[in-house]
Amino acid sequence: MTTDSVAQETPGLTSNLRKAPLLGCMIVVMMVCEKMLAHTYTAITIYVLPEPWKWVVPFIVGCLGVWLVLRGMGKDEVKGSLFGYLGAVLIWMSWFESGLPLMAHAAQIPPAIPEDGNVMAGLLGEHIFLQMSGIFCIVSLFFITLNKDVRCRMLLWIRRSLRLTTVTGKPTQGYRPNVSRVAAFEYFFVTWFMYVLMITIIDPRLFGLHHPVTYTLSALVCGWGLYLLYKCTQQREVGLAIRYGIGAVGVAWFIPETLAFYDVLYEFYLRVDLHPIAMTIVALTYIACIRVIYKTPIDEKTGRSAQ
């Protein structure tokens, strides 16, 4: 095979990854890899790094996340969405994941452990702290739903279901939101909401893991996640697929988390020291997906991915 033929084939391979349904599949793979890497990072920063590095490293990484979100503002739909998403990931897994245990410890919130002593089925202080913040999450989402220019599919569905469309009015004509801010904002709220939902479902102070109500609610959320994954594979524009994937994978990640609670899934990504090869593959896959998305050709007239 000549060098010229390789050069001609490579764009075709990558361009197919930017078309439905492979585009959505790539987005899902990328964000699943992100969830695993985020768990690895959190386990290292909280349980491995000594003080003060367990605080210094997350602070620096979180600052890098803020820089990425700001860097993405003013860019096209693809790079703006990608930078906003990546920045939000770094901010959440650094400032939130590391900061919540610190605040829970300062507030002296005791853990909630089931009577059988299964720590994996219980809630730590930071989980309870986050669960209590759920009321602020729900109220904030309600007022965001009242924003006539909101584009989130789920919030639009809620607005129609509650018959609030006539109250909010028609969207502003020609309004184009900053996609970096939107992607980051969506990541924060999806992650926050799903954390609160999952913690509430498995809360040992309510029903616990082994209860028909828990089984039913878990099945409904898993079904919701699978539906959103399917819808993600139908997206045809790269920037929109990134933002849709944030919500889809954010909900669908409930599935492996639930399987881990019932000891069905082994979370190998929490022990990178035992599984370096597997985590190297995950990291390389994540980087490869980011590179393919970053190199997406852009239509200069629309600022979106060229079809």
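Let me begin at Pro21, which sits in the loop between α1, residues 3-16, and α2. What we have on the screen is a predicted model, and everything I describe was computed from that model.

The bond just before this proline deserves a moment, since Ala20 and Pro21 are joined by a cis peptide bond, with omega at about 0°. A second cis peptide bond joins Glu51 and Pro52, again with omega at about 0°, and Pro52 lies in the loop between α2 and α3, the latter being residues 53-72. As background, most peptide bonds are trans, and most residues other than glycine have a negative phi.

That background also applies to two residues in other loops. Gln108, in the loop between α4 and α5, has a phi near 55°, which is a positive value in a residue that is not glycine. Asp263, in the loop between α12, residues 254-261, and α13, residues 276-294, is likewise not a glycine and has a positive phi of about 60°. Gln108 has a relative accessible area of 70%, so it counts as exposed, and Asp263, with 65%, is exposed as well.

Let me now move into helix α2, which covers residues 22-47 and contains Leu37. Which residues does Leu37 touch, if we leave aside its neighbours within four places in sequence? The contacts are with Met279, Val282, Ala283 and Tyr286. Leu37 is also 7.0 Å from Tyr269, C-alpha to C-alpha, although 232 residues separate the two in sequence. With a relative accessible area of 21%, Leu37 is partly exposed; the cut-off for buried is under 20%, so this residue does not fall into the buried class.

The contacts of Leu37 belong to a wider meeting of two helices. The axes of α2 and α13 come within 9 Å and cross at roughly 135°, which means that α2 is oblique to α13, and the crossing is left-handed. On the α2 side the contact includes Met26, Ile27, Met30, Cys33 and Leu37, and on the α13 side it includes Met279, Val282, Ala283, Tyr286 and Cys289. Taken by type, the residues of this contact divide into 15 nonpolar, 2 polar and 1 charged. For anyone looking at the spacing of such residues, an α-helix has 3.6 residues a turn, so residues three or four places apart point the same way.

The second helix pair I would like to show is α4, residues 77-106, with α9, residues 179-202, which pack at an angle of about 40° with their axes 7 Å apart. That angle makes α4 oblique to α9, and here the crossing is right-handed. Among the residues of α4 that take part are Gly80, Gly84, Ala88, Trp92 and Phe96, while α9 contributes residues including Ala183, Ala184, Phe188, Trp192 and Tyr195. This contact divides into 14 nonpolar, 5 polar and 2 charged residues.

How many aromatic pairs does the structure hold? There are 12 of them. In one, Phe96 and Phe188 form a tilted pair, with 6.0 Å from centre to centre and 35° between the planes. This pair links distant parts of the chain, given that Phe96 is in helix α4 and Phe188 in helix α9, 92 residues apart. Phe96 has a relative accessibility of 33%, and it therefore counts as partly exposed. A further pair is formed by Phe142 and Phe143, whose ring centres are 5.5 Å apart and whose planes stand at 70°, so that this pair is edge-to-face. Phe142 counts as partly exposed because its relative accessibility is 39%, whereas Phe143, at 55%, is exposed. Returning to the two helices, ring pairs link Trp92, Phe96, Phe188 and Tyr195 into a cluster.

Finally, a word on helix α5, residues 125-132, where the buried residues are Gly125, Glu126, Ile128, Leu130 and Gln131. What do these buried residues pack against? Their partners are α4, α6, which is residues 134-145, and α9. With that we come back to α4 and α9, the pair whose crossing is right-handed, and I will stop there.

Methods
Residues are numbered from 1 along each chain as its sequence is written. This is a predicted model: local features need pLDDT of at least 70, side-chain atom pairs count only at pLDDT 80 or more; totals for chains, interfaces and linings use all residues. Side-chain values use heavy atoms; hydrogens and water are left out. Axes are lines fitted to C-alpha atoms, for helices over the stretch in contact, and angles run from 0 to 180 degrees between N-to-C directions. Helices (H or I, at least four residues) and strands (E, at least two) are DSSP runs, numbered from the N terminus. Angles under 35 degrees count as roughly parallel, over 145 as roughly antiparallel, 65 to 115 as roughly perpendicular and the rest as oblique. A crossing is left-handed if the near helix is turned anticlockwise from the far one by less than a right angle, and right-handed if clockwise. Contact means heavy atoms within 4.5 Å. Ala, Val, Leu, Ile, Met, Phe, Trp, Tyr, Cys and Pro count as nonpolar, Asp, Glu, Lys and Arg as charged, and the others, Gly among them, as polar. Buried means under 20% relative accessible area, exposed over 50%, partly exposed in between (1.4 Å probe, protein chains only). Rings of Phe, Tyr and Trp (its six-membered ring) pair if their centres lie within 6.5 Å; planes under 30 degrees apart count as stacked, over 60 as edge-to-face and the rest as tilted.
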